Amino acid sequence: MKNYVKYLPYVAFMLALISTLASLSFSEIFKLTPCVLCWYQRICMYPLVFISAVSILRKQKDLHTYILPLSILGLLISIYHNLLYFHILPESIAPCVQGISCTSKQIEFFGFITIPFGSMIAFALITATMLLYAKKIKKDK
């Protein structure tokens with residue numbers, strides 16, 4: 001196993017932890033109400049912190065089998081959310097019928113980094129990290 005591969009679970013853990021803390025701070029500190037799609041993404045992200053932490057502590061080599069299903073599902077939801085947010089898909093097919101709209105602009109950094117975009121990047125990085133880890137683990141067997 002190459003040297004950097006052993007750090008990939010820690011990278012996935014840190015990404016999930018930072019994403020979880022960021023989403024909690026947006027809703028609890030800055031009082032931004034999450035939309036329906038944000039809740040679904042949280043459902044996929046929050047368990048990743050605990051799954052990756054326990055897997056690291058137990059030194060499990062197959063942690064990617066637990067992390068990938070949630071990270072891929074979260075990635076798909078976040079891609080859909082971004083397509084709605086940036087008006088590539090019509091707002092009429094958005095699942096947000098009550099409460100805050102899935103396309104409402106709450107925070108934008110540098111004119112394009114939004115909450116849905118940040119979520120998509122986090123899920124994409126976690127997924128890529130775990131796919132690379134799975135590939136290297138499989139190759140070393």
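Reader: How far does α1 reach from its first C-alpha to its last?

Author: This is a predicted model, in which local features need pLDDT of at least 70 and side-chain atom pairs count only at pLDDT 80 or more, while totals for chains, interfaces and linings use all residues. Residues are numbered from 1 along each chain as its sequence is written, and side-chain values use heavy atoms, with hydrogens and water left out. Helices (H or I, at least four residues) and strands (E, at least two) are DSSP runs numbered from the N terminus, and the expected span of a helix is 1.5 Å times one less than its number of residues. For the 22 residues of α1 the expectation at 1.5 Å a residue is 32 Å, and the reach from first to last C-alpha is close to it, at 30 Å.

Reader: Which helices do the buried residues of α1 pack against?

Author: A residue is called buried under 20% relative accessible area, exposed over 50%, and partly exposed in between, with a 1.4 Å probe and protein chains only. In α1 the buried residues include Leu 8, Ala 12, Ala 16, Ser 23, Phe 26 and Ser 27. The helices that the buried residues of α1 pack against are α2 and α4.

Reader: With which side chain does the side chain of Ser 27 make a polar contact?

Author: Ser 27 has its place in helix α1 and counts as buried because its relative accessibility is 11%. A polar contact is a pair of N or O atoms within 3.5 Å; within protein, one must be able to donate a hydrogen and the other to accept it, and residues adjacent in sequence count only if both atoms are side-chain atoms. A polar atom of the Ser 27 side chain lies 3.3 Å from the backbone oxygen of Leu 24. The side-chain partner of Ser 27, at 3.2 Å, is Arg 42.

Reader: Leaving aside neighbours within four places in sequence, which residues is Ser 27 in contact with?

Author: Contact here means heavy atoms within 4.5 Å. One of the residues that meet this for Ser 27, once neighbours within four places are left aside, is Arg 42, which is itself among the buried residues of α2. The contacts of Ser 27 are Leu 32, Pro 34 and Arg 42.

Reader: What phi does Lys 31 take, and is this residue buried or exposed?

Author: Lys 31 follows α1 and is found in the loop between α1 and α2. Its phi is positive, at about 60°, although Lys 31 is not a glycine. Since its relative accessible area is 60%, Lys 31 is exposed.

Reader: How far apart are the end C-alpha atoms of α2?

Author: Helix α2 covers residues 36–57, so at 1.5 Å a residue its 22 residues should span 32 Å. Just after this helix, Lys 59 takes a positive phi of about 55°. The separation of the end C-alpha atoms of α2 agrees with the expected span, at 33 Å.

Reader: Which residues is Gln 41 in contact with, leaving aside neighbours within four places in sequence?

Author: Gln 41 lies in helix α2 and is buried because its relative accessible area is 4%. The buried residues of α2 pack against α1 (8–29), α3 (64–85) and α4 (115–140). Apart from those neighbours in sequence, Gln 41 is in contact with Gly 74, Ile 77, Ser 78, His 81, Ser 119 and Phe 123.

Reader: How far apart in space are Ile 79 and Cys 44, C-alpha to C-alpha?

Author: Ile 79 is found in helix α3 and is partly exposed, since its relative accessible area is 34%. Cys 44 is among the buried residues of α2. The two residues are 35 residues apart in sequence, and from C-alpha to C-alpha they are separated by 14 Å.

Reader: How far apart in space are Ile 93 and Ile 56, C-alpha to C-alpha?

Author: Ile 93 is found in the loop between α3 and β1 (108–109), and because its relative accessibility is 43% it counts as partly exposed. Leaving aside neighbours within four places in sequence, Ile 93 is in contact with Tyr 80 and Leu 84. Ile 56, by contrast, is among the buried residues of α2. Ile 93 and Ile 56 are 37 residues apart in sequence, and their C-alpha separation in space is 40 Å.

Reader: Near what value is phi of His 87?

Author: His 87 lies in the loop between α3 and β1 and counts as exposed because its relative accessibility is 51%. For this residue, which is other than glycine, phi is positive and near 60°.
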